[in-house]
Structures are given as C-alpha cells and as structure tokens.
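User: I am new to this structure and should like to understand the terms used to describe it. Please explain the grounds for each one.

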Amino acid sequence: MNPEALIDQAISIATQAGKLIREIYQQGSFEREIKDDNTPVTSADIASHQLIVERLQQLTPDVPILSEEDADIPLAQRQQWPRYWLVDPLDGTGEFIAGSNDFSVIIALVENHRPVMGIVYVPMTEVCYFALAGKGAYKQINGSISRIQSKQLSTATEQHLRLAVSRRQDPKKVLGLFQHSTQCELVVLGGAALKSCLVAEGEADCYVRVGPTGEWDTGAAQIIIEEAGGQLLDIELQPLTYNERDSLLNPDFIVLGSPNLQWHKILNAS
C-alpha cells in the first residue's frame, strides 16, 4: 500500500465529514450524551464517525479502522494489524458543545506502530493540515497548499517560549511543568490537534497536554509535527506508542517545535 496514493482521497473524506459537522453545528440542534469515561459525545461525533468509516471502507476494504467512537477492540485482535486507520471523528467535542470554532476531524494511517499519514481538517475555517512520512507537512487554505515548518529556536531564546494551552485547562497545571526561569507566553486555543498544528506551523513553540487523551488524538498530529521539524513526546521526553498496549490512552505529552533545545532542563517533569 502506498500512502501517497491515498492522501487526496483521505483528505476528501475528512472534508466531507467536516462539512457534515459544520452543518450540524450551524443548525444548533444536536444530541449530547456522556460516555462511560465521563467525556461528552454528540450526534455530530456519531454522524462524522459513520461517514468516515463508510468512506474509508470503500477506499481500503482490507484496512481496519480504529475510531474513538468504536475503540472497544481487544489488543489481541489489534496486534494482528500491520496497518490501520486511526480516527477521531470530532476532536474538541467540548469546544463544539461550547460554541467555539476550535474543533477538527482527524484521520491518520498507522503502519507498524508508526503514523505515516496525518490529516487534521478544521470544519469552521476549512483549513486542512496534512503530512506524509518523508514528504513534508502542509497547510491547505482555499485550494492553496503551502509547506509548513516549526519554528527552530536557538538556545539563546529558550528562556522565552510561546506555549499553546487549552482554554479548558488550568494553565497553572501546565506552567508548573516548566522551570521558573522559563518565561511562557500563553497561546490559548481549543482542540488538541489544532494546538499541535499551531506548533507545526511555527505559531507556537510548544504545546503541553496534561490529562487524558487517546491515541486517535495524537496519531495525525505526530506525523504532521515530525514532518514539520518537531517532535511529539511524553512528558519524560520518550516517544508515544501506538497499538502496543491494552489501553489506548496516552500519557501526558508535549509537542516540541525545536527538538534541539535542552528540554530536559526546561521541564521540571523530566
């Protein structure tokens, strides 16, 4: 399978799902429930999930799909997959419910436990971030595609960082991970993938996530930030794993625009 041959169709699927979400959002009429893990899910999440699964099955009938909305698959079964689609049909459900525009559709292709393709589509702005392993990271707006790169800082500037944080998280919890000598300018945004893409395009220097996320939240973001010149690691500065554990929950993680900095000295946690 050649991921490069699938990227345009996968972007089209993410776009279709995004348009469906946007229609539901603009109508302002959607159902909301609380899942067993105490996180919200809406009828927009489910509608997007159904559309993406149907289209991906048509595109690649032999490739399994692991979606946030259908993730109860035993590791023994998942371990047999050499490749699979990793999907978050609506990343930022809380933002969707709150009426902000900071939510996205995430589709990643994972091969041998590593993301090799990533797509993050933003329904309300129609911006699409995407990347292929070895081919770079890109941003598409109104049909115009440009390559994106993370901001590479020198050690002389590592004491002042633009830090992307969630508007739904206490910034003190995140700032406590940094040495007191590090000055952090906060860039507030919703949606985990969107903050990762902000680092990938150089608009923030790093993004720290403290709290539960799933592998579907980081798969596409990981290949996008890596192809843009950065890294996505856990707080101990170790690589995240995909489809290698019973649990699909991620540890706390950090997205780095400049891997060359001495992050083990910048962070208290490491």
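Analyst: The model is predicted. One pair of residues offers a starting point: Ala164 stands opposite Tyr207 in E12.

User: What makes strand E10 and strand E12 a pair, and in which sense do they run?

Analyst: Two strands count as paired if at least two bridges are found between them. Strand E10 (residues 160-166) and strand E12 (residues 206-209) have two bridges, in the parallel sense, so they meet the criterion for a pair.

User: How do you know that E12 and strand E14 pair, and in what sense?

Analyst: The requirement is again at least two bridges. E12 and strand E14 (residues 253-256) are joined by four bridges in the antiparallel sense, and therefore they pair as well. Here Arg209 stands opposite Phe253 in E14.

User: How many helices and strands does the chain have in total?

Analyst: The chain has eight helices and 14 strands.

User: Why is the chain called as compact as a globular protein of that length?

Analyst: For 270 residues the globule rule gives 18 Å, and the radius of gyration of the chain is 18 Å, close to that value; therefore the description applies. Along the principal axes, the C-alpha atoms fill a box of roughly 50 × 40 × 40 Å.

User: What makes a residue count as buried, and what share of the chain does so?

Analyst: A residue is buried if its relative accessible area is under 20%. By that cut-off, 54% of the 270 residues count as buried. The accessible surface of the chain is about 11,900 Å², and 45% of it belongs to carbon and sulfur atoms.

Note on methods:
Residues are numbered from 1 along each chain as its sequence is written. This is a predicted model: local features need pLDDT of at least 70, side-chain atom pairs count only at pLDDT 80 or more; totals for chains, interfaces and linings use all residues. Side-chain values use heavy atoms; hydrogens and water are left out. The radius of gyration is taken over C-alpha atoms; the globule rule is 2.2 Å times the number of residues to the power 0.38. Buried means under 20% relative accessible area, exposed over 50%, partly exposed in between (1.4 Å probe, protein chains only). Accessible areas come from the Shrake-Rupley method with a 1.4 Å probe; for residues, only the protein chains shown count as cover.
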